Amino acid sequence: KAELGYWLGPAWWGRGFALEAAACVIAHGGSHDDIDCFTASYFIDNPASGKVLTRLGFRQVARRRIHCPARNGPVDAIACDLQVSLPTGTRRPLKSWLPRTLRRAIQAVAP
């Protein structure tokens, strides 16, 4: 497993940077045989981050309280995961098995 995390300052919100950067990280990490799942969490009071993860193909798996140093205490969060494993013996290009929204995000930033 690999954990995906990101933080953007307010000046960069709503511009698609988180989606594009996360798509590239997943594309790179998912191309390695030893990573078959990405995990990520978002704070319940930050639905925009949840939308980014949903567009990338993550699914919600649990609600939990996590410690946030920036907020100096526990915060309610939604834990998510994205399975990226291929069937045993299958060697396909990364983009062929990713969710459509993630493929589009990668194509938007790839040459």
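Is C24 buried, partly exposed or exposed, and at what relative accessibility? In this predicted model, C24 has a relative accessibility of 35% and therefore counts as partly exposed, a value that falls between the 20% limit for buried residues and the 50% limit for exposed ones. C80, by contrast, counts as buried because its relative accessibility is 4%, which is under 20%. With a disulfide taken as a pair of cysteine sulfur atoms within 2.5 Å, the count of disulfides in the model comes to 0.

The strands of the model were examined next. Four strands form an open sheet in the order β1-β2-β4-β3, and the pairing within this sheet is mixed. The edge positions are taken by β1, which covers residues 2-3, and by β3, each of which pairs on one side only. In general, strands of a sheet pair through backbone hydrogen bonds, and they may do so in a parallel or an antiparallel manner. For β2 and β4, the latter spanning residues 73-83, the arrangement is antiparallel, and 7 bridges join the two strands. T39 is found opposite D81 of β4.

The loop between β3 and β4 contains N72, a residue that is not a glycine and yet has a positive phi of about 55 degrees. The relative accessible area of N72 is 69%, and because this value is over 50%, the residue counts as exposed.

The largest pocket of the model encloses about 900 Å³ of space. Its lining comprises 28 residues, and those that lie nearest the centre of the pocket are Y6, W7, L8, N46 and S49. When the lining is sorted by class, 16 residues are nonpolar, whereas 6 are polar and 6 are charged. Helices and strands both contribute to this lining, since at least two residues are supplied by each of α1 (17-30), β2 (37-43), α2 (47-55) and β3 (59-68). The largest share comes from α2, which provides 5 residues of the lining.

S49, one of the residues nearest the centre of the largest pocket, is placed in helix α2. The relative accessibility of S49 is 10%, and this residue therefore counts as buried, the limit being 20%. When neighbours within four places in sequence are left aside, S49 is in contact with Y6 and Y42. Of these two partners, Y6 is also listed among the residues that lie nearest the centre of the pocket.

Methods. Residues numbered from 1 in each chain as written. Predicted model: local features only at pLDDT ≥ 70, side-chain atom pairs only at ≥ 80, totals over all residues. Heavy atoms only, no water. Buried < 20%, exposed > 50% of the residue type's maximum accessible area, 1.4 Å probe, protein only. 1 Å grid on protein atoms, 1.4 Å probe; cavity = no way out; pocket = protein on both sides within 12 Å on 5 of 7 lines; lining within 4 Å. Points joined across faces, edges and corners; volume = space filled by probe spheres on them. Nonpolar A, V, L, I, M, F, W, Y, C, P; charged D, E, K, R; others polar. Contact = heavy atoms within 4.5 Å. Pairing = 2+ DSSP bridges.
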